[in-house]
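Okay, everyone, thanks for coming. Let me put the structure up, and then we'll go through it together.

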Amino acid sequence: MKKSYQSSMVGLNLSNQIVSITITGDFMILFMSQILSFSDLQNSWLITTLPIIALIRIPLSYLMRRKNLLDLMRWSILSKLCLLGILVVIPYESVTFSIYALFLVLYQIAVELGFGLAWNPLILLLTEEKVRAKFLSYLGLFQLVTSFYTLLISFFIGKELTALYYRWLLVIALASLFMQFILLKQLQTDYSLFQNHQVTRQMD
(Lines give C-alpha, C1' and ligand atoms only; values in the text may rest on other atoms or scores of the structure.)
Protein backbone atom coordinates (compact mmCIF):
# COMPACT_ATOMS: atom_id res chain seq x y z
CA MET A 1 0.00 0.00 0.00
CA LYS A 2 1.53 3.29 -1.05
CA LYS A 3 1.99 6.23 1.32
CA SER A 4 -0.30 8.34 -0.87
CA TYR A 5 -3.05 5.77 -0.32
CA GLN A 6 -2.56 6.01 3.41
CA SER A 7 -2.64 9.80 3.62
CA SER A 8 -5.72 10.04 1.42
CA MET A 9 -7.60 7.34 3.34
CA VAL A 10 -6.65 8.85 6.71
CA GLY A 11 -7.74 12.28 5.51
CA LEU A 12 -11.06 10.92 4.30
CA ASN A 13 -11.64 9.15 7.60
CA LEU A 14 -10.79 12.19 9.72
CA SER A 15 -12.90 14.61 7.69
CA ASN A 16 -15.80 12.17 7.75
CA GLN A 17 -15.56 11.97 11.55
CA ILE A 18 -15.67 15.76 11.83
CA VAL A 19 -18.82 15.91 9.70
CA SER A 20 -20.44 13.04 11.60
CA ILE A 21 -19.77 14.62 15.00
CA THR A 22 -21.46 17.82 13.83
CA ILE A 23 -24.53 16.33 12.11
CA THR A 24 -25.32 13.05 13.87
CA GLY A 25 -23.01 13.08 16.89
CA ASP A 26 -22.63 15.03 20.12
CA PHE A 27 -23.39 18.42 18.62
CA MET A 28 -26.62 17.16 17.02
CA ILE A 29 -28.06 16.52 20.48
CA LEU A 30 -27.16 20.04 21.62
CA PHE A 31 -28.57 21.47 18.40
CA MET A 32 -31.89 19.69 18.84
CA SER A 33 -32.31 20.52 22.52
CA GLN A 34 -30.81 24.01 22.83
CA ILE A 35 -31.51 25.58 19.43
CA LEU A 36 -34.51 23.73 17.99
CA SER A 37 -35.99 23.22 21.48
CA PHE A 38 -37.20 19.69 20.79
CA SER A 39 -38.56 17.67 23.66
CA ASP A 40 -36.66 14.75 25.18
CA LEU A 41 -39.11 12.38 23.52
CA GLN A 42 -38.52 13.92 20.10
CA ASN A 43 -34.75 13.82 20.61
CA SER A 44 -34.89 10.17 21.63
CA TRP A 45 -37.05 9.30 18.62
CA LEU A 46 -34.59 10.86 16.18
CA ILE A 47 -31.54 9.32 17.85
CA THR A 48 -33.21 5.89 17.77
CA THR A 49 -34.25 6.27 14.14
CA LEU A 50 -30.76 6.93 12.76
CA PRO A 51 -29.43 3.35 13.14
CA ILE A 52 -32.63 1.99 11.58
CA ILE A 53 -32.06 4.10 8.46
CA ALA A 54 -28.80 2.20 7.99
CA LEU A 55 -30.90 -0.75 6.83
CA ILE A 56 -31.33 1.09 3.53
CA ARG A 57 -27.79 -0.08 2.82
CA ILE A 58 -29.27 -3.47 1.89
CA PRO A 59 -31.34 -2.32 -1.14
CA LEU A 60 -28.64 0.18 -2.07
CA SER A 61 -25.97 -2.53 -2.17
CA TYR A 62 -26.85 -3.40 -5.78
CA LEU A 63 -25.23 -0.08 -6.77
CA MET A 64 -21.85 -1.54 -5.83
CA ARG A 65 -22.14 -3.90 -8.78
CA ARG A 66 -23.01 -1.08 -11.16
CA LYS A 67 -20.99 1.91 -9.96
CA ASN A 68 -17.35 2.63 -9.21
CA LEU A 69 -16.74 2.82 -5.44
CA LEU A 70 -15.21 6.27 -5.76
CA ASP A 71 -18.25 7.45 -7.75
CA LEU A 72 -20.51 6.35 -4.89
CA MET A 73 -18.36 8.30 -2.46
CA ARG A 74 -18.43 11.32 -4.72
CA TRP A 75 -22.24 11.31 -5.05
CA SER A 76 -22.53 10.87 -1.30
CA ILE A 77 -20.32 13.88 -0.60
CA LEU A 78 -22.18 16.01 -3.13
CA SER A 79 -25.52 15.12 -1.51
CA LYS A 80 -24.20 15.99 1.94
CA LEU A 81 -22.81 19.28 0.65
CA CYS A 82 -26.27 20.27 -0.58
CA LEU A 83 -27.96 19.26 2.66
CA LEU A 84 -25.44 21.01 4.89
CA GLY A 85 -25.59 24.11 2.71
CA ILE A 86 -29.34 24.27 3.33
CA LEU A 87 -28.83 23.83 7.07
CA VAL A 88 -26.34 26.72 7.12
CA VAL A 89 -28.69 29.29 5.56
CA ILE A 90 -32.15 28.21 6.74
CA PRO A 91 -33.64 30.18 9.67
CA TYR A 92 -33.75 27.75 12.57
CA GLU A 93 -37.00 29.25 13.82
CA SER A 94 -38.70 27.69 10.80
CA VAL A 95 -37.22 24.21 11.34
CA THR A 96 -39.97 21.99 12.70
CA PHE A 97 -39.57 18.47 14.00
CA SER A 98 -40.87 17.02 10.70
CA ILE A 99 -38.48 19.11 8.62
CA TYR A 100 -35.46 18.16 10.70
CA ALA A 101 -36.48 14.49 10.72
CA LEU A 102 -36.65 14.59 6.91
CA PHE A 103 -33.24 16.25 6.79
CA LEU A 104 -31.71 13.53 8.97
CA VAL A 105 -33.27 10.76 6.89
CA LEU A 106 -31.90 12.24 3.65
CA TYR A 107 -28.52 12.86 5.23
CA GLN A 108 -28.26 9.32 6.57
CA ILE A 109 -29.19 7.91 3.16
CA ALA A 110 -26.34 9.96 1.68
CA VAL A 111 -24.00 8.58 4.36
CA GLU A 112 -25.00 5.00 3.59
CA LEU A 113 -24.53 5.62 -0.13
CA GLY A 114 -20.92 6.65 0.47
CA PHE A 115 -19.10 5.56 3.60
CA GLY A 116 -21.77 3.00 4.44
CA LEU A 117 -21.46 1.10 1.17
CA ALA A 118 -18.08 1.99 -0.26
CA TRP A 119 -15.65 2.60 2.60
CA ASN A 120 -14.89 -0.96 3.73
CA PRO A 121 -14.75 -2.38 0.16
CA LEU A 122 -12.43 0.52 -0.74
CA ILE A 123 -10.10 -0.39 2.11
CA LEU A 124 -10.11 -4.03 0.98
CA LEU A 125 -9.37 -2.96 -2.58
CA LEU A 126 -6.56 -0.54 -1.83
CA THR A 127 -4.75 -2.48 0.89
CA GLU A 128 -2.85 -5.70 0.68
CA GLU A 129 -3.87 -8.38 3.14
CA LYS A 130 -0.52 -8.45 4.93
CA VAL A 131 -0.69 -4.73 5.87
CA ARG A 132 -4.47 -4.34 6.27
CA ALA A 133 -4.62 -5.00 10.02
CA LYS A 134 -1.78 -2.58 10.65
CA PHE A 135 -3.46 0.11 8.57
CA LEU A 136 -6.81 -0.33 10.35
CA SER A 137 -5.11 0.04 13.72
CA TYR A 138 -3.37 3.11 12.29
CA LEU A 139 -6.77 4.57 11.42
CA GLY A 140 -7.98 3.81 14.92
CA LEU A 141 -5.20 5.93 16.44
CA PHE A 142 -6.47 8.94 14.54
CA GLN A 143 -9.76 8.70 16.43
CA LEU A 144 -7.87 10.58 19.14
CA VAL A 145 -7.71 13.56 16.80
CA THR A 146 -11.49 13.73 16.48
CA SER A 147 -11.84 13.29 20.25
CA PHE A 148 -9.51 16.24 20.74
CA TYR A 149 -11.54 18.23 18.18
CA THR A 150 -14.76 17.54 20.11
CA LEU A 151 -13.11 18.51 23.40
CA LEU A 152 -11.70 21.71 21.92
CA ILE A 153 -15.03 22.79 20.41
CA SER A 154 -16.89 21.95 23.62
CA PHE A 155 -14.45 24.10 25.60
CA PHE A 156 -14.91 26.95 23.12
CA ILE A 157 -18.73 27.01 23.05
CA GLY A 158 -19.12 26.55 26.80
CA LYS A 159 -22.38 25.38 28.33
CA GLU A 160 -24.71 26.54 25.55
CA LEU A 161 -24.60 25.97 21.81
CA THR A 162 -25.92 29.05 20.02
CA ALA A 163 -27.17 29.21 16.44
CA LEU A 164 -24.09 31.20 15.43
CA TYR A 165 -21.71 28.64 16.92
CA TYR A 166 -23.53 25.80 15.18
CA ARG A 167 -23.39 27.57 11.82
CA TRP A 168 -19.62 27.86 12.27
CA LEU A 169 -19.46 24.14 13.01
CA LEU A 170 -21.40 23.54 9.79
CA VAL A 171 -18.92 25.70 7.87
CA ILE A 172 -16.09 23.52 9.24
CA ALA A 173 -18.04 20.43 8.18
CA LEU A 174 -18.55 21.89 4.68
CA ALA A 175 -14.81 22.57 4.43
CA SER A 176 -14.19 18.95 5.42
CA LEU A 177 -16.50 17.77 2.64
CA PHE A 178 -14.69 19.92 0.08
CA MET A 179 -11.41 18.42 1.29
CA GLN A 180 -12.90 14.96 0.68
CA PHE A 181 -13.39 15.84 -3.00
CA ILE A 182 -9.68 16.68 -3.26
CA LEU A 183 -8.69 13.47 -1.49
CA LEU A 184 -10.98 11.42 -3.72
CA LYS A 185 -9.28 12.88 -6.78
CA GLN A 186 -5.94 11.71 -5.40
CA LEU A 187 -7.41 8.30 -4.65
CA GLN A 188 -8.76 8.12 -8.20
CA THR A 189 -5.20 8.48 -9.48
CA ASP A 190 -3.91 5.91 -7.00
CA TYR A 191 -6.78 3.57 -7.84
CA SER A 192 -5.86 3.66 -11.54
CA LEU A 193 -2.21 3.03 -10.72
CA PHE A 194 -3.24 0.19 -8.42
CA GLN A 195 -5.29 -1.47 -11.19
CA ASN A 196 -2.42 -1.15 -13.66
CA HIS A 197 -0.04 -2.61 -11.08
CA GLN A 198 -2.35 -5.57 -10.49
CA VAL A 199 -2.68 -6.23 -14.22
CA THR A 200 1.11 -6.10 -14.59
CA ARG A 201 1.58 -8.58 -11.73
CA GLN A 202 -0.96 -10.96 -13.24
CA MET A 203 0.79 -10.81 -16.61
CA ASP A 204 4.10 -11.60 -14.92
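Quick bit of vocabulary before the cavity: helices here are DSSP runs of H or I, at least four residues long, and they're numbered from the N terminus. For the cavity itself, a residue counts as lining if it has an atom within 4 Å of a cavity point. And keep in mind, this is a predicted model.

So, the overall picture. The protein chain has 9 helices and 0 strands, so reading along the sequence you just get α-α-α-α-α-α-α-α-α, going by those DSSP runs. Of the 204 residues, 43% count as buried. Now look at the contacts between residues at least 6 apart in sequence: 87% of them join residues at least 24 apart. On the outside, the chain exposes about 11400 Å², and carbon and sulfur atoms supply 67% of that.

Now the inside. How many cavities of 30 Å³ or more are there? The count comes to 1, and the largest cavity holds about 30 Å³ of space.

Who lines it? On the list are W45, L46, T49, L50 and I53, and then A101, L104 and V105. Two helices, α3 (40–53) and α6 (97–126), each supply at least two residues of that lining. Which one gives the largest share? That's α3, with 5 residues.

And the chemistry, for those of you thinking about what those walls are made of: the lining has 7 nonpolar residues, 1 polar, and no charged ones.

That's my tour, from the helices down to the cavity. Happy to rotate the view if anyone wants another look.

Definitions and conventions:
Residues are numbered from 1 along each chain as its sequence is written. This is a predicted model: local features need pLDDT of at least 70, side-chain atom pairs count only at pLDDT 80 or more; totals for chains, interfaces and linings use all residues. Side-chain values use heavy atoms; hydrogens and water are left out. On a 1 Å grid over the protein atoms alone, a cavity is a set of points where a 1.4 Å probe fits but cannot get out, and a pocket is an open set with protein on both sides within 12 Å along at least five of seven lines; lining residues have an atom within 4 Å of a point. Grid points are joined across faces, edges and corners, and a volume is the space filled by probe spheres set on the points. Ala, Val, Leu, Ile, Met, Phe, Trp, Tyr, Cys and Pro count as nonpolar, Asp, Glu, Lys and Arg as charged, and the others, Gly among them, as polar. Buried means under 20% relative accessible area, exposed over 50%, partly exposed in between (1.4 Å probe, protein chains only). Contact means heavy atoms within 4.5 Å. Accessible areas come from the Shrake-Rupley method with a 1.4 Å probe; for residues, only the protein chains shown count as cover.
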